[in-house]
Amino acid sequence: MNYKKPRGTQDWYGDSLEQLNEVLSILNSLVKAYGFQNIMTPTFESLDLFKKSVGDTTDIVQKELYTFVDKKGRKLALRPEGTSSVVRAYVEDKMFANKSNVTKLAYFLNLFRYERPQNGRLREFHQFGIEYLNVNSHLNDIECLILAQQIINKFNLSKYIQLKINYLGNFEQRQLWIKELKQYFVKYQDQLTDDSLQRLNINPLRILDDKIDGQKSFVKQAPKLEKFLNDEDNKIFKEILNCLSSNEINYFVDDSLVRGLDYYTGIVFEFVYKSPVTELESTLLGGGRYSHLIQQTGGPDQIGLGFAIGIERLLLALNETNYSFKNKHSLDIVLGFDSFKTTTKCLSMITKIRENNYCVEIDFGNYKKDKNARFAIRQNAKYFSFIDENDLKNNVIKLENIKTHELINVNLDKLVYFLKGEK
Ligand code: HAM
């Protein structure tokens with residue numbers, strides 16, 4: 001039987017895993033500087049959580065959820081995103097108790113969406129995300145955007161990125177807008193695609209950012225939310241935009257940006273990457289404010305805010321833009337031996353070297369010098385030494401620098417000091 005990984009999933013090993021770890025360590029150290037602490041949540045949650053938070057009528061819930069019933073008949077779903085779970089944990093564990101200020105949580109999660117797989121779109125994918133919980137000022141929205149832009153800059157991606165931003169208002173304003181949009185789109189029913197026709201009654205906002213219909217002039221001229229916003233909303237949006245400009249963050253106000261999750265209110269944004277290789281655009285990072293999700297999940301009337309960056313898309317972008325990864329697997333030394341006996345006599349010395357965090361490789365059972373030397377070259381080691389019984393007697397080995405072919409005599413019991421001097 002030949003087994004294959006499920007469609008839309010991938011195995012991580014070698015360079016891809018090294019790159020993932022490097023990217024994560026950069027992201028973690030960036031968010032630490034903003035006071036975020038890490039959180040991990042379960043891979044599956046109750047189905048109802050996602051239906052209520054992401055929204056019953058969204059594509060994610062209607063078409064993309066992996067759901068199952070467990071042995072006790074509980075309806076569960078593999079998480080399609082992190083925000084709902086983080087908010088659930090915040091509420092369930094009463095992280096807000098005895099705390100008047102904001103709670104900042106960062107996460108790295110694997111997520112599941114039944115989508116059509118393609119480059120940068122998977123069925124199991126990963127996000128690095130952050131959430132501010134109990135937000136009291138739109139200065140948090142500004143800081144959140146500064147952090148997102150800092151991530152983009154840190155990975156040298158700014159020249160390939162466009163920040164799209166919009167202001168969605170509150171639920172009441174949105175309901176009025178949706179009502180007006182429905183009335184408007186009904187007049188153009190015959191010009192809408194089947195997908196949009198389906199959305200007309202359940203989620204007409206998605207017609208605005210539909211790939212096909214979004215380009216049609218009657219959709220572009222559809223009623224705007226702007227007219228339902230009050231002076232305070234306009235003031236806040238303006239202040240956020242002004243702060244972006246004064247922090248040298250370029251943006252484009254896109255009034256068709258509604259995002260694919262229902263919980264957003266207020267500011268929403270996407271950092272869209274244009275591939276220099278394929279010229280195709282994809283959203284690398286997306287987020288926004290959610291004013292009701294915490295309360296709707298059973299918690300206090302508090303506001304949340306956050307974003308998530310798709311890790312597979314980030315790695316794709318970094319490889320396309322020739323980002324120089326530092327963390328290439330480095331092998332310090334390959335040791336070869338002439339016999340089983342010589343090998344075993346050196347094992348404790350090898351353990352000592354490894355305790356000092358140097359990488360030592362041995363091709364066990366291969367007692368031929370030439371074959372060992374070829375192995376060292378293939379493994380891209382810095383040094384190679386072939387050790388025989390005589391070397392052990394004299395306590396001196398010949399170390400070859402594989403790049404320069406220089407031969408260096410080193411006392412066997414001083415090998416670790418030699419390597420330390422080298423670094
Ligand atoms: P989202 O826009 O659905 O937002 O996803 C965020 C990012 O995850 C996307 O920009 C993309 O890079 C990546 N992504 C989404 N779907 C896939 C996929 N099928 N394959 C590969 N990558 C994908 C959220 O999930 C929100 N929870 C973000 C957020 C946090 N909002 C507030 N806080």
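A residue counts as buried here when its relative accessible area is under 20%. Hold on to that cut-off and select Ser85: its relative accessible area is 0%, so it is buried. Everything on this tour comes from a predicted model.

**Stop 1: Ser85 and its surroundings**

With Ser85 still selected, show the helix around it, which is α4, residues 83-92. Which residues is Ser85 in contact with, leaving aside its neighbours within four places in sequence? Light up Thr41, Glu45, Leu49, Phe50 and Arg79.

Now slide along the chain to Lys94, in the loop between α4 and β5 (103-112). Lys94 is exposed, at 52% relative accessibility. Check its backbone too: phi is near 45°, a positive value in a residue other than glycine. Most residues other than glycine have a negative phi.

**Stop 2: zoom out**

Switch to a cartoon of the whole protein. You should have 16 helices and 16 strands on screen. The radius of gyration is 28 Å, well over the 22 Å that the globule rule gives for 423 residues, so the protein is more spread out than a compact globule. If you want to set up a box, the C-alpha trace spans about 90 × 55 × 45 Å along its principal axes.

Colour by burial next: buried residues make up 50% of the 423 residues. Turn on a surface and you are looking at about 22,700 Å² of exposed area, with carbon and sulfur atoms supplying 48% of it. For the charges, there are 58 positive and 54 negative ones, and their mean positions are 4 Å apart. As for contacts with a separation of 6 or more, 69% of them are between residues 24 or more positions apart.

**Stop 3: the open sheet**

Select the strands β1, β5, β6, β11, β10, β9, β7 and β8. In that order they make an open sheet of 8 strands with mixed pairing. Which strands stand at the edges? Pick β1 (37-38) and β8 (252-253): each has a single partner strand, so one side of each is left without a neighbour in the sheet.

Inside the sheet, go to β9 (residues 267-274) and β10 (residues 281-290), which pair in the antiparallel sense over 7 bridges. To find your bearings there, pick Phe271, whose bridge partner in β10 is Leu285.

Back at the edge strand β8, look at the loop that joins α10 (231-246) to it, and select Glu248. What is phi for Glu248? It is near 55°, again positive in a residue other than glycine. Glu248 is exposed as well, with 73% relative accessibility.

**Stop 4: two loops either side of α8**

Is Asn203 buried or exposed? Select it in the loop between α7 (194-202) and α8 (205-208). Asn203 is buried, with a relative accessible area of 8%. Not counting residues up to four places away in sequence, Asn203 touches Thr57, Thr58 and Asp262.

Then hop over to Lys211, in the loop between α8 and α9 (217-220). Lys211 is exposed, at 69% relative accessible area. Draw a C-alpha to C-alpha distance from Lys211 to Glu361: the two are 52 Å apart in space and 150 residues apart in sequence.

**Stop 5: β14, β15 and β16**

Finish with three strands. β14 (residues 381-387) and β15 run antiparallel and are joined by 2 bridges; Phe384 has Glu400 as its bridge partner in β15.

β15 (residues 396-401) is in turn joined to β16 by 5 bridges, also antiparallel. Two pairs to pick out are Ile397 with Val410 and Val396 with Asn411. At the turn, this hairpin has 5 residues between the strands, and His405 takes a positive phi near 65°.

Now show side chains. In a regular strand the side chains alternate between the two faces of the sheet. Which residues of β15 point to the buried face? Ile397, Leu399 and Asn401 do, while Val396, Lys398 and Glu400 point to the other face and are not buried.

Repeat on β16 (residues 407-411): Ile408 and Val410 point to one face and are buried, whereas Leu407, Asn409 and Asn411 point to the other and are not. Go back to the bridge pair of Ile397 and Val410: Ile397 is buried in β15, and Val410 is buried in β16.

Notes: Residues are numbered from 1 along each chain as its sequence is written. This is a predicted model: local features need pLDDT of at least 70, side-chain atom pairs count only at pLDDT 80 or more; totals for chains, interfaces and linings use all residues. Side-chain values use heavy atoms; hydrogens and water are left out. Helices (H or I, at least four residues) and strands (E, at least two) are DSSP runs, numbered from the N terminus. The radius of gyration is taken over C-alpha atoms; the globule rule is 2.2 Å times the number of residues to the power 0.38. Buried means under 20% relative accessible area, exposed over 50%, partly exposed in between (1.4 Å probe, protein chains only). Contact means heavy atoms within 4.5 Å. Accessible areas come from the Shrake-Rupley method with a 1.4 Å probe; for residues, only the protein chains shown count as cover. Lys and Arg count as positive and Asp and Glu as negative; His and the chain ends are not counted. The place of a charge is taken as NZ of Lys, CZ of Arg, CG of Asp or CD of Glu. Two strands pair if DSSP finds at least two bridges between them.
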